[in-house]
Every structure is written in C-alpha cells, then in structure tokens.
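Thanks for making the time. I have one structure to go through, and I will keep to what was computed from the atoms.

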Amino acid sequence: MRREVPIIVTLIAGLLFLLDYFIKIPLISGIVGEFETWAIVISAFALGLGAANLFRIHLQKAIKKSEGWYNSVLLLVSMVVMAISGIGWTQTNSIYSYMFDNIFVPINGTMFALLAFYLASASYRAFRVRTPEATVLLVSAVIVMVGNAPVGRLIWEGFPGYSSWIMSVFNSAGMRGIIIGASLGAIVTSLRIIFGIDRSYFGGQ
C-alpha cells in the first residue's frame, strides 16, 4: 500500500487537472481549486523545512569549525537578521532595506557579472571556425551583435535590418522547435507520472 496509494492519488489528481483544463465542470473545478490550495500550503511547509534544514547544516558546520565555517556563520547571521527584520517589521523597515540594497543587490550584480565571463568563454568555444556549421553560426552571431549595437548602424546601415531578419526568421524558427520539443517532453513525462510508469518521485525505490 505504500506504493499503490501515492500512485492512485497521483492518477486521480492528474486526471482531474486534465479534465479541468479542457472541460470546465463546476464540481471538478472546485476540487482542483482545493488541490491548488493544498499545493500552496505544502509549498510553504517545504520552504520552511528547507530553511530549517539549511540552518541546521550550517549551524553544525559552524559549531564543529569545519572548513569555511566563517561563511556558515555569515549565512546564519544574514538569514536570521533578514528573516526577523522582514517578517517582524515588514520589508519596508530600514534594516531590511539597508541589507537588501547594500548586500543582496551588489552580490546579485556580482554573480551576473561573473556569468558574463562564462558566457564570453562559452561563446568563444562555440564560435571557433572549424566546420561549415560553426562558420554560419559565427557570421550570424556577428551580424546580430553588430546590428543590435549602436555602432552597427554607423558601420553599415544594413546591419540592423539583417540582424532583425535573422532574429525573426531563423531564431524564431529555432525557438519554436525547442518549445515544441520541450512541450512534447513535458506531456510525455506528465502522462508517465499520471499512469504510474515513471515512479521517480518514490526516491528511486
């Protein structure tokens, strides 16, 4: 029963959501609405459980003074101060605003700045001319980048037009193909979970 009950609940919930998406029946819509409310409550508990687990792990690391324990102390202090100031005095109080504007925002900006270097490195590896396909990719990327830059129009007035043409024709076609493939994969995965074929949510049992 430990395996059958979750499979039956998943099957019933999945079929109800499918019916409610395609056929609007008040009774089924009400049941689906209750499921969605439960999902919000469970998500809130999962968030709290994750925060408690994170706190426990880093507290143990700080007590044992494991490698990088000072980072755990910094995380615990920031976590407690942000939680108390945000929950106790709302997100408009001065302590929360100061930490958000002077710590969180600069760290967030630094992370995205580092991502720019990784993107530049990945672009260099992808755009190296070794095959005809890589050559097409390189030429297209150069036209798009130069066409979207203000200096592109100064170099040649045709760059913005060709850049827009590549983005609206080839890029849109590629994006639609990716979206269709991802949607088909999501549908197949959902059906496998609903009918109990994919049981990965049992944790590999």
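I will take the pockets, then the aromatic pairs, then the charged side chains, and finish with two residues in one helix.

One thing before that: this is a predicted model.

Pockets, then. The largest pocket holds about 340 Å³ of space. Which elements give two or more residues to its lining? They are α3, residues 69-88, and α4. The largest share comes from α3, with 7 residues. From the N-terminal side of the list, the lining includes Leu54, Asn71, Leu74 and Leu75. Also in the lining are Val77, Ser78, Met79 and Met82, and the list ends with Met99, Ile103, Phe104 and Ile107. Sorted by class, that gives 10 nonpolar residues, 2 polar ones and no charged ones.

The second largest pocket has a volume of about 240 Å³. Two or more of its lining residues come from each of α5, residues 132-148, and α7, residues 158-194. Helix α5 makes the largest contribution here, 6 residues. Among the residues that line this pocket are Phe127, Val136, Leu137, Ser140 and Ala141. Val144, Met145, Ile166, Phe170 and Asn171 belong to the lining as well. What is the make-up by class? There are 8 nonpolar and 2 polar residues in the lining of the second largest pocket, and no charged residues.

Next, the rings. A pair of aromatic rings is described by two values, the distance of the centres and the angle of the planes. The count for this model is 9 aromatic pairs. I will show two of them and then a cluster.

One of the pairs is Tyr96 with Phe100, which is stacked, at 6.3 Å centre to centre and 15° between the planes. Both residues are in helix α4, 4 residues apart, or about one turn of the helix. Are the two buried or exposed? Tyr96 has a relative accessibility of 15%, so it counts as buried. Phe100 has a relative accessible area of 32% and is therefore partly exposed.

Another pair is Trp156 with Tyr162. Their ring centres are 5.7 Å apart and the planes are at 20°; planes under 30 degrees apart count as stacked, so the Trp156 and Tyr162 pair is stacked. Trp156 is partly exposed, at 46% relative accessible area. Tyr162 also has a value of 46%, and counts as partly exposed.

The cluster is made of Phe17, Phe35 and Trp38, which ring pairs link together.

Now the charged side chains, beginning with Lys65. Where does this residue lie? Lys65 is in the loop between α2, residues 26-64, and α3. Its phi is positive, about 55°, although Lys65 is not a glycine. Lys65 also lies over the face of Trp69, 5.5 Å from the ring centre. With a relative accessibility of 59%, Lys65 counts as exposed.

On to charge pairing. Side chains of opposite charge can pair when their charged atoms come close. How many salt bridges does the rule give? The count is 1 salt bridge. The partners are Lys24 and Asp20, and their closest N and O atoms are 3.6 Å apart. What about exposure at the two ends of this salt bridge? Lys24 has a relative accessible area of 63%; the cut-off for exposed is over 50%, so Lys24 is exposed. Asp20 has 10%, and buried means under 20%, so Asp20 is buried.

Last, two residues in helix α4, each with a distance to a residue elsewhere in the chain. Ser94 is in α4, which runs over residues 94-126. At 59% relative accessibility, Ser94 counts as exposed. Its C-alpha atom is separated by 47 Å from that of Leu18, and the two residues are 76 apart along the chain.

Asp101 has its place in helix α4 too. Asp101 counts as partly exposed, at 46% relative accessibility. How far is its C-alpha atom from that of Val169? The separation is 41 Å, for two residues that are 68 apart along the chain.

That is the end of my list. I can take questions now.

Technical notes
Residues numbered from 1 in each chain as written. Predicted model: local features only at pLDDT ≥ 70, side-chain atom pairs only at ≥ 80, totals over all residues. Heavy atoms only, no water. Buried < 20%, exposed > 50% of the residue type's maximum accessible area, 1.4 Å probe, protein only. 1 Å grid on protein atoms, 1.4 Å probe; cavity = no way out; pocket = protein on both sides within 12 Å on 5 of 7 lines; lining within 4 Å. Points joined across faces, edges and corners; volume = space filled by probe spheres on them. Nonpolar A, V, L, I, M, F, W, Y, C, P; charged D, E, K, R; others polar. Phe/Tyr/Trp six-rings, centres within 6.5 Å; stacked < 30°, edge-to-face > 60°. Lys NZ or Arg CZ within 6 Å of the ring centre and 35° of its normal. Salt bridge = Lys/Arg side-chain N within 4 Å of Asp/Glu carboxyl O.
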